[in-house]
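Trainee: Could you pick one part of this model and take me through it closely?

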Amino acid sequence: GKPKWPRGDEKAWKEAMRDVDTDTPSITRSIVSHVQTSLARQAYNLDDFGAYQAAALSVRDNLILNWNETQLGYTKREPKRAYYLSLEFLMGRTLDNALLNLGLKDQYKDGVKQLGFNMEDVLEQERDAALGNGGLGRLAACYLDSSASQELPVWGYGLRYRYGIFQQLISPEGNQLEAPDPWLEMQNPWEASHLPVLQHARLDIFLPPQLPRLDVTYEVRFYGNADRLPDDSGRALWHGGQEVLAVAYDVMIPGCYTRNTNNLRLWESKPKRGFDLNSFNAGDYERAVESSNSAAAITSVLYPNDHTTFGKELRLKQQYFWTAASLQDILRRFKNMDKPITDFPEYVSIQLNDTHPTLAIPELMRILIDEEELSWNTAWHIVTNTFFYTNHTVLPEALEKWPVPLMEHLLPRHMQIIYDINLFFLQAVERKYPGDRDRLGRMSLIEEGFPKHVRMAYLACIGSRKVNGVAELHSELVRTTILKDFVEFEGISKFGNVTNGITPRRWLDQCNPELSALISKTLKLEKSVWLKDLYKLKDLLPFAEDPHFRKEWAAIKQRNKERLAQHVKTFLGLEVNTKAMFDVQIKRLHEYKRQNLNIFGVIHRYLAIKKMTPEERKKLNPRVVFFAGKAAPAYYIAKLTIRLIVNVARVINADPDTKDYLSLYFLPDYSVSVAEILIPASDISQHISTAGTEASGTSNMKFCLNGGLLVGTVDGANIEIAEEVGENNVFFFGHLAPAVEELRYQHLYHPVPIEEKCPALANVLNQVSGGLFGDGSVYEPLLSTIRQGDYYLLSDDFDSYIAALAMVDEAYLDNTEWVKKSIRTTANMGKFSSDRAINEYAESYWNLEAIKVPTTSNFLTG
Ligand code: GL7
């Protein structure tokens, strides 16, 4: 018979089992217990960092209980599950978020205080987990928070890079320098491991990397040969090459005010054996060591490029390593349920976050055909009902294409499968459009050339059940430009939209606790209610008319500005005028995002103030402009923009004529935690991409949720924000998306000298060339991108940009009206909760239902 379970005395188990700590005394006890045992330290030698570690370990214990409970609940109830495959998860810090989601922040604060520590200082000890570049990776993190909060059975799958996004340093000349981000060198208490944590981060002893989940590992093959079997089964044998091991690390994702705690599984690569014994025996010691090096290298570093592809073999290896390990894991979990394999899509939906995980499509085909021995058609049916593809950009330089020779070398069997998919696909196209050679060429998965390339977006599209963009305009551009032929062929209903969202937990409650408290008080609602139903913010609208409420609202903004000023003081040693309007642009540096337009606007304003009399200046409302963001290390023009900003800041901030009216700061090393300080402090923020280039943007939502007004182009999610908050509450400018193509054509074929077309901008460029901000020749390559070609249309939009900023000045003069705008903006941001977005994926794409785990520990009766 079945072995008795639990072993031993059930009562003894029950009495010994603990549940989540919820009161301050037991929380304090658990923190001290971690100080004593996990850290092997004492009261007398505990510093803030030690206190952070102990508090984090104590919180982690609580999360593990919920997490175990949740996973057991899922296993027992066999729901349909969804998996979010993303090469980036830009998580930021974890402790504060976990405390808030558990509803235990106050208790921990008290506990920590009793032990002699200040919670703020303790939270500051944590390093960001920065396993992402920007919006795409942060979106994935918001979606995990919302999945858990909405009690949806969703797991994330990603890579556990040893080095996250580089640390940005700014040299004295204003150049960006990159330093590695060894985020794991301090132990990471946020990963589950079955073994106790024995690392002492500040004791200068050797720190082993985190302990792996040795129970969850898979083998992944690269290179070798793929031999088609001599029968007509369509199967092949893939053998030889390199085999690498994938080891799982689990990160707990707590939901907000629920015990549901989901999982983010990150894979680390390691050599299958420390040595390749065959080479070792043959005496080739060096090669043996080399192969172990190359295995570990796969997950060593996050590629720091945003919106560009470089075709590097190691990047392709990352993509395959991650998709192959994840699929094996997903299949194993599915097989544990003992269902026929053809039911796979009834139990599993897999969301492809951009084209990075597209190899999952041929990989699942390979498994189903070569290993499960299904027919091609059965396999294809399963595949095309399992995957969903989200496109995140229409910029041509960001569309992934892999050279066929590289794919043939690294993944010979997958290349065969891709050719087969292409063959069957083009045959179907040919049947629908007989003789249309042009169309076949356009739609082929293979781009002709020397060498040929595989078009990953097309593969993702035809291998998926549905395709979506990330804002209304962007989804329309996907349908009418890059995937136009596919919409015609497959029908429009496959191509949808899910407008992005952000989690109001991190991006309001956590980063702006005072505003969160004011909202709860005003709505007379627990925050657990409105944070999970953000449309409730609408009820703030009438309070825009309440002078007392407006005063409280404005005072909170003011204190957030002071908090930011304090941060600048601490990290840059500079004094910020907190009476000024705070104007913020924070995002990756990119020509399409047009930080150049902003800095040229700042110079324009500076020149204008210089010309004024002291009396005229006194009528101005002072402005402080903040920039932050990283440039891809090889993106020369973007780096030059940083250099220009830093040097303009140096000149302007030191000019006694102007410094009281205009100042400028570039905050180095932008990160999620820096964003959490900047966003609540903004009066206005800039989202000024050339129309049609920013797929959505998500920081625009964060600023508006915190009552900052938006200056922007008619692009991405700006459009939907304006629809929600009202066009009179945003400052729009610039040409619209449909005009862009024609303008670019004119630039190329009927160029008008910039002096004629936009004298104001020409003057700014000439001042830069002339050396007002240091040697002008340094900036020539940047200036000539505008003087010649001007692909991103700065000369077309500059005048209306300046006009929009003038309207901002005008509006700011009427403080009452301004605060009303701020309140109305926040009140109308309900749509942009990532809860709404994830529910759209769950309902319209994955067909997924929420599952609430039991509220009491059920471990014994498992
Ligand atoms: C991006 C888009 O550029 C950005 O507008 C969008 O908000 C984000 C999330 O959907 O995805 N696409 C992309 O390739 N990156 C983005 O941030 C890197």
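**From the core to the sheet**

Mentor: Gladly, and let's begin with the core. The largest nonpolar core holds 230 residues, and Ala55, Phe321, Phe626 and Val648 have the most contacts inside it. Such a core is a set of buried Ala, Val, Leu, Ile, Met, Phe, Trp, Tyr and Cys residues joined through C-beta atoms within 7 Å; buried means that 20 or more other C-beta atoms lie within 10 Å of a residue's own, with C-beta atoms placed from the backbone. Bear in mind that this is a predicted model, where local features need pLDDT of at least 70, side-chain atom pairs count only at pLDDT 80 or more, and totals for chains, interfaces and linings use all residues. Residues are numbered from 1 along each chain as its sequence is written.

Now the sheet. Six strands (DSSP E runs of at least two residues, numbered from the N terminus) form an open sheet in the order 22-21-20-23-24-25, with parallel pairing; a pair needs at least two DSSP bridges. Strand 22 (662-667) and strand 25 (730-733) are at the edges with a single partner strand each, so one side of each lacks a neighbour in the sheet. From one strand to the next, the twist averages 20 degrees. Strand 21 (residues 623-628) runs parallel to strand 22 and is joined to it by six bridges, with Ala628 opposite Leu667.

Helix 24 (residues 595-611; helices are H or I runs of at least four residues) packs on the sheet, touching strands 20, 21, 22 and 23, where contact means C-beta atoms within 7 Å. Its direction makes about 155 degrees with that of strand 22, on a scale of 0 to 180 degrees between N-to-C directions of axes fitted to C-alpha atoms, for helices over the stretch in contact.

Note on methods:
Buried ≥ 20, exposed ≤ 12 C-beta atoms within 10 Å, placed from the backbone. Contact = placed C-beta atoms within 7 Å.
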